[in-house]
Amino acid sequence: MRITKFGHSCVRVEHDGTALVLDPGAFTPDVAAAVDGAAGVLVTHEHPDHWTPEALRATDAPIWTIAAVAARIGEQAPDLLGRVTVVAPGDSVDVAGVPVRVVGEKHAVIHPELPHFDNSGYVLTCGDERVYHPGDALTGPGEPVDVLLAPVCAPWMAIAEGIEFARSVAAPRTLAIHDKVYSDLALGIVDQHFGRFLGADGLEFVRRPDGADL
């Protein structure tokens, strides 16, 4: 298995010659490279840092996502709807030969007076290993996973919350995602704290530059 971070929450997972791409959005600097040759695209929720019409048009791959995102695609890019398969929390689907389980229903609360957006993460089973992308939520996968793609900074999350989420999932390896909203200086603090607390639990934490593999 090969996991490549392509900016913010966009991650490419390759297994047995099949590439799936999660959340290619407005903060993905080289979306064409991210989706090149992809057999499927998965989108967790409707915010533009996780999908854009342009990102989805950069590939002709089928798209799997929740109903809220499908509705936005219908409004903004109806030409893409023929490629969309709608999934719901609890579903188990086959995405280009890769078993995928749909996890969670809601985005983390941004502010009590703002809408509470729908969000579902995905557990990908690649042979004997499982990879979990939660989108913008701190909802656990409900099963052991080998790699957690963990949000590390967001307007809706304190660093302590992200650390405790990663510790609760307890994946042997945690790859940082959702990292475009802090400065490089602040991300150094993120790395220090995540590394300290996960390391104390015997878990590995890494943050990779755009385009780099896990």
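This tour moves through the predicted model from the whole chain to single residues, naming at each stop what to select and what is found there.

**The whole chain**

Begin with the entire protein chain in a cartoon view, where the secondary structure comes to five helices and 14 strands. The radius of gyration is 16 Å, close to the 17 Å that the globule rule gives for 214 residues, so the chain is as compact as a globular protein of that length. If you orient the view along the principal axes, the C-alpha atoms fill a box of roughly 50 × 45 × 30 Å. Colouring by accessibility will show that buried residues make up 50% of the 214 residues. Of the contacts with a sequence separation of 6 or more, 49% are accounted for by residues 24 or more positions apart.

**Strands S5 and S6, with helix H3**

Next select residues 63-66 and 84-87, which are strands S5 and S6; the two run parallel and are joined by four bridges. Within this pairing, Thr65 of the selection stands opposite Val86 in S6. Adding helix H3, residues 67-76, completes the picture, since S5, H3 and S6 make a right-handed β-α-β unit.

Keep H3 displayed and show the side chain of Arg72, which meets that of Glu46 in a salt bridge with an N to O distance of 3.0 Å. This pair links distant parts of the chain, as Glu46 lies in the loop between strand S4 (40-43) and helix H2 (53-57), whereas Arg72 belongs to H3, 26 residues apart from it. The two partners fall into separate accessibility classes: Glu46 is buried, with a relative accessible area of 15%, while Arg72, at 28%, counts as partly exposed.

**The salt-bridge network around Arg2**

A search of the whole structure finds 15 salt bridges, and the next stop takes up a group of them. Select Arg2, Arg12, Glu14 and Asp213, which salt bridges with shared partners join into one network. Centre the view on Arg2 and look towards Asp213, where the two side chains meet in a salt bridge of 2.9 Å, N to O. Here Arg2 is in strand S1 and Asp213 is in strand S14 (residues 212-213), so that the bridge links parts of the chain 211 residues apart.

Now turn from Arg2 to Glu14, with which Arg2 also forms a salt bridge, the closest N and O atoms being 3.9 Å apart. Glu14 lies in strand S2 (residues 11-15) and Arg2 in strand S1 (residues 2-5), a separation of 12 residues. How accessible are these residues? Arg2 counts as partly exposed at 43% relative accessibility, Glu14 is partly exposed at 23%, and Asp213 is likewise partly exposed at 30%.

**The aromatic pair**

Select Phe194 and Phe205 and display their rings, which form the one aromatic pair counted in the structure. The ring centres are 5.0 Å apart and the planes stand at 25°; because planes under 30 degrees apart count as stacked, the pair is described as stacked. Phe194 sits in helix H5 (residues 184-200) and Phe205 in strand S13 (residues 204-206), 11 residues apart. Both phenylalanines, Phe194 and Phe205, are buried.

**The loop around Thr139**

Move to Thr139, whose place is in the loop between strand S10 (129-133) and strand S11 (147-151). Thr139 is partly exposed, with a relative accessible area of 31%. Leaving aside residues up to four places away in sequence, Thr139 touches Val103, Gly104, Tyr132, Pro134 and Phe165. For a spatial reference, select Ala108 as well: it is 31 residues from Thr139 in sequence and 8.6 Å away in space, C-alpha to C-alpha.

**Two residues with positive phi**

Finish with two loop residues, beginning with Asp16 in the loop between S2 and strand S3 (18-22). Although it is not a glycine, Asp16 has a positive phi of about 50°. Then select His178, in the loop between strand S12 (173-177) and H5, which also has a positive phi of about 50° without being a glycine. Buried or exposed: where does each of these two residues fall? Asp16 is exposed, with a relative accessible area of 71%, whereas His178, at 2% relative accessibility, counts as buried.

Notes:
Residues are numbered from 1 along each chain as its sequence is written. This is a predicted model: local features need pLDDT of at least 70, side-chain atom pairs count only at pLDDT 80 or more; totals for chains, interfaces and linings use all residues. Side-chain values use heavy atoms; hydrogens and water are left out. A salt bridge is a side-chain nitrogen of Lys or Arg within 4 Å of a carboxyl oxygen of Asp or Glu. Buried means under 20% relative accessible area, exposed over 50%, partly exposed in between (1.4 Å probe, protein chains only). Two strands pair if DSSP finds at least two bridges between them. A crossover is right-handed if, with the strands pointing away from the viewer, the path from the first strand over the helix to the second runs clockwise. Rings of Phe, Tyr and Trp (its six-membered ring) pair if their centres lie within 6.5 Å; planes under 30 degrees apart count as stacked, over 60 as edge-to-face and the rest as tilted. The radius of gyration is taken over C-alpha atoms; the globule rule is 2.2 Å times the number of residues to the power 0.38. Contact means heavy atoms within 4.5 Å.
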